[in-house]
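Q: Please take a close look at the packing in one part of this model, and explain each term as you go.

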Amino acid sequence: MLISVSNKKFAVPVKRVYNIGHMKAERYIEYDPFAWLYNKHWGYTFTPIAMAAIEKLVIPNLSPEAEVLDLCCGTGQMTGMLQQRGYRVTGIDGSEKMLSYARENAPGVIFKVDDARFFMTETHFDAVVCVFDSLNHIMSIEDLGEVFKSVYRALKAGGVFVFDMNLEAGYKERWNGIYGIIEDDHVCIIRNSYDAEYRTGRFEATLFRMEQGWQRNDFTLTQRSYPEWEIINSLSEAGFSANEAYEFSLEQGLSELAPGSQRGFFRCIKQTEMG
Ligand SMILES: C[S@@+](CC[C@H](N)C(=O)[O-])C[C@H]1O[C@@H](n2cnc3c(N)ncnc32)[C@H](O)[C@@H]1O
């Protein structure tokens, strides 16, 4: 057989210590080898769905010149759409390579390399959004709690935080096969798998790209699924209230999460002191 799905247990993502001014911290860099391919094939795929969900869950809370943070903004396609609507937008991502495309896709936006678990900002935001499974890359509930605390710190009182996550039913349905992309100047094979015992998904890619001859690059991304109750508990512990979870599709709009929901959109508020 040409390709076999590895059954090795997941590796904890590589973390590098880097200096982000206020502290030495670890930064998430796994997307660096994926950035070129992501920008070409993934960057725009989820944006219409994410934007339509944000339309319902975030936009009604925002004034025309609101400050918005796109956390884990990747190659910046959605960041650019928020900017075009007139919001003052900042993008944060751990991968410098992803941000190099974001700067081309959304010129004028402030982009910063930082880690979702540890970032600190001088600006306080009216809204923080984080879409397309980004927080599934956070591999422990403790680290997910750190993300929620960082977001809480970064929001103004009354600010709204919306993010989506792949849920276990989604991994079982979709993370179980091999597919490929074949174009004139690149070929990529992707193996997706999900280990229910460890609640861990693996995305293993082999990319051949024509750059002064064919160059091969192998990389693996890992994700973790969390049950809805664990996400909501962790949000509450970070200080968020009015935490809500939805399923969303372009056809059906928002509906309640059900046991078979493959993806959840979570919306929470940093309550003002007045409640
Ligand atoms: C699936 S991509 C989504 C990108 C973008 N939000 C979009 O809609 O296309 C996930 C992104 O999250 C970033 N990411 C994952 N974990 C991170 C962390 N701990 N800190 C900062 N960025 C992180 C990755 O570098 C990657 O750009």
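A: What follows looks at one helix and its surroundings. The model is predicted, so local features need pLDDT of at least 70 and side-chain atom pairs count only at pLDDT 80 or more, while totals for chains, interfaces and linings use all residues. Residues are numbered from 1 along each chain as its sequence is written.

Helices (H or I, at least four residues) and strands (E, at least two) are DSSP runs, numbered from the N terminus. The axes of α2 (residues 47-57) and α3 (residues 77-84) come within 10 Å and cross at roughly 45 degrees, where axes are lines fitted to C-alpha atoms, for helices over the stretch in contact, and angles run from 0 to 180 degrees between N-to-C directions. The two helices are therefore oblique to each other, a word for angles that are not under 35 degrees (roughly parallel), over 145 (roughly antiparallel) or 65 to 115 (roughly perpendicular). Thr47, Ala50 and Met51 of α2 meet Gln77, Met78 and Met81 of α3, contact meaning that C-beta atoms, placed from the backbone, lie within 7 Å.

Beside this pair there is an open sheet of 8 strands, ordered β5-β4-β3-β6-β7-β14-β12-β13 with mixed pairing; strands pair if DSSP finds at least two bridges between them. Because β5 (110-113) and β13 (253-256) stand at the edges with a single partner strand each, one side of each has no neighbour in the sheet. On average, neighbouring strands are turned by 25 degrees against each other, direction ignored. Helix α2 packs on this sheet, touching β6, β7, β12, β13 and β14, and its direction makes about 35 degrees with that of β14.

Methods:
Contact = placed C-beta atoms within 7 Å.
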